[in-house]
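Grab a pencil and open the model in your viewer. Below are some exercises to work through, each with a solution to check yourself against.

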Amino acid sequence: MIVEQVWTANSYRNFNYLIACPETGDALAIDPLDYKKCLAAASENGWNITQILNTHEHGDHTGGNKAMVKATGAKVIAHENAGGRIPNMDRGVGAGDIIKVGRSVELECLDTPGHTMSHICLLSHTDQPALFSGDTLFNAGAGNCHHGGHPNELYETFSKQLEGLADDTLLYPGHDYLINNLKFTLDREPDNTVAGDMITKYKDQDPRDALVTTLAQEREFNTFFRLNSASVIARLKETSPDIGDDPDERTVFLKLRELRNKW
Ligand SMILES: [Zn+2]
Ligand SMILES: [Zn+2]
C-alpha cells in the first residue's frame, strides 16, 4: 500500500489522500476536494484513480467528486446512509465492509458516527495499520459536532472503536489542525510537556510534508484520549465543579468537546 497525502493549501486546511496498489497502480482517492492536485499526484506516480471514498457528506470532502469522476470515471463510495446527501454514489458501505484497491490493498470500513451520523473511517489491513479518519479524529483533537453530529455518539466512537486501535496505527486525518489542537491540550492540561515540545518542534512545519503521528503519540497529547488524566480532570473542575472528583470518561469527553467549541 502506498499512501500519498495531498495538502490542499485551502483555508479549511484539508488533507486529501491517494491510496495506491503498488502492483497494479490502481488508486483510491479519499475526499479529493482538490481534484487537480490529486490528479496531478496520480499522474506523476503513474496511478489510475478508480475509486473515490468520501468519509462523510460535508462539502469540503465531496466538492471534488464531480470533476474527479468526469476525469477518471472513478466509482463513488460513502456511508450507506449518506445516499441522500452525496449525489451519484455508486456504493454504500457499513461497518466491516472491505474496499479493495488493485490486487494488494484492503481497507476496512469503520462506521464512526459523531462528527456526522454517516461517517466512515478506513483502517488498512497492513503490517503497520493506517487509519484514514476524516473529521472524526484529528492530530491532537476530535471533530466538532455542530453540522449534523452528536457529541454522545462521538464519545461512543472514541471509546468503542478508536481507543482500541493498535498503538502503532498511523493517523491520516482530513484536516491539518495539529498546532491549534496542541494549544487546546495545553489549555486543558498545562503540565503536558509532550504537547509543549510538539508545538516547538512542529509550529513551522511544511504541511506538504506533514508529520504523521501514531495512536501511541495521540494518547500522549490528544486531550480526547486523556479522559482519566488527573490534570485534565482537576482543570475541568475549576469551571465545572459539578463533575465531582471521579467523573466517568463520557462526562469528561462531553465537557471537553463543549469547551473546545468555544475555545
Ligand atoms: Zn466535516
Ligand atoms: Zn472537513
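The exercises that follow deal with a predicted model, and each solution goes step by step.

**Exercise 1. Work out the strand order of the six-strand sheet and find its edge strands.**

Step 1: Trace the sheet from one side to the other. The order is β1-β2-β3-β4-β5-β6, and the sheet is open.

Step 2: Look for strands that pair on one side only. Those are the edge strands, β1 (2–7) and β6 (91–93).

Step 3: Check the pairing. Over the whole sheet it is mixed. At the β6 edge, β5 (residues 75–79) and β6 run parallel and share three bridges. One pair to look up there is Ala78, whose bridge partner in β6 is Gly92.

Step 4: Add the twist, which averages 25° from one strand to the next.

**Exercise 2. Which strands of this sheet do α1 and α3 touch, and which residues make the contact between the two helices?**

Step 1: Start with α1. This helix packs on the sheet and touches β1, β2 (15–20) and β4 (48–53). The direction of α1 makes about 145° with that of β1.

Step 2: Move on to α3. Its strands are β3 (26–30), β4 and β5, and its direction makes about 150° with that of β4.

Step 3: Now put the helices together. The axes of α1 (residues 35–45) and α3 (residues 65–72) come within 9 Å and cross at roughly 35°.

Step 4: List the residues. From α1 you get Tyr35, Cys38 and Leu39, and from α3 you get Ala67, Met68, Ala71 and Thr72.

Step 5: Sort them by character. Six are nonpolar, one is polar and none is charged.

**Exercise 3. Describe how β7 sits in its sheet and where its side chains point.**

Step 1: Find the sheet. It's open and has five strands in the order β7-β8-β9-β10-β13, with mixed pairing.

Step 2: Place β7. Along with β13 (170–173), β7 (98–101) is an edge strand, pairing on one side only.

Step 3: Look at its neighbour. β7 and β8 (residues 105–111) run antiparallel and are joined by four bridges. Two partners in β8 are worth picking out: Glu108 for Ile98, and Leu107 for Ile99.

Step 4: Inspect the turn. The two strands form a hairpin with three residues between them, and Gly102 in that turn has a positive phi of about 60°.

Step 5: Follow the side chains. Ile99 and Val101 point to one face and are buried, whereas Ile98 and Lys100 point to the other face and are not.

**Exercise 4. Which residues of α6 are buried, and which are exposed?**

Step 1: Pick out the buried ones. In α6 (residues 193–202) they are Ala195, Met198, Ile199 and Tyr202.

Step 2: Ask where they sit around the axis. They span an arc of only 100°, so they lie on the same side of α6.

Step 3: Turn to the other side, where Thr193, Asp197, Thr200 and Lys201 are exposed.

Step 4: See what the buried residues of α6 pack against. Their partners are α5 (178–188) and α7 (215–221).

Step 5: Finish at the N-terminal end. Asn192 caps α6 there, with a side-chain oxygen 3.2 Å from the backbone nitrogen of Val194.

**Exercise 5. List the buried residues of α5 and say what covers them.**

Step 1: The list is Leu178, Ile179, Asn181, Leu182, Phe184, Thr185 and Arg188.

Step 2: Their cover includes helices α6, α7, α8 (230–239) and α9 (249–262). Strands β11 (137–138) and β12 (141–142) also contribute to the cover.

**Exercise 6. Where do Asp31 and Ala140 lie, and are they buried or exposed?**

Step 1: Locate Asp31 in the loop between β3 and α1. Though not a glycine, Asp31 has a positive phi of about 45°.

Step 2: Check its accessibility. The cut-off for buried is under 20% relative accessible area. Asp31 comes in at 3%, so this residue is buried.

Step 3: Repeat for Ala140, which lies in the loop between β11 and β12. Its phi is positive too, near 65°, again in a residue other than glycine.

Step 4: With a relative accessible area of 1%, Ala140 is buried.

Technical notes:
Residues are numbered from 1 along each chain as its sequence is written. Chains are lettered from A and ligands numbered from 1 in the order in which they are written. This is a predicted model: local features need pLDDT of at least 70, side-chain atom pairs count only at pLDDT 80 or more; totals for chains, interfaces and linings use all residues. Side-chain values use heavy atoms; hydrogens and water are left out. Two strands pair if DSSP finds at least two bridges between them. Buried means under 20% relative accessible area, exposed over 50%, partly exposed in between (1.4 Å probe, protein chains only). The arc is that of the directions from the helix axis to the C-beta atoms. Contact means heavy atoms within 4.5 Å. A polar contact is a pair of N or O atoms within 3.5 Å; within protein, one must be able to donate a hydrogen and the other to accept it, and residues adjacent in sequence count only if both atoms are side-chain atoms. Axes are lines fitted to C-alpha atoms, for helices over the stretch in contact, and angles run from 0 to 180 degrees between N-to-C directions. Ala, Val, Leu, Ile, Met, Phe, Trp, Tyr, Cys and Pro count as nonpolar, Asp, Glu, Lys and Arg as charged, and the others, Gly among them, as polar.
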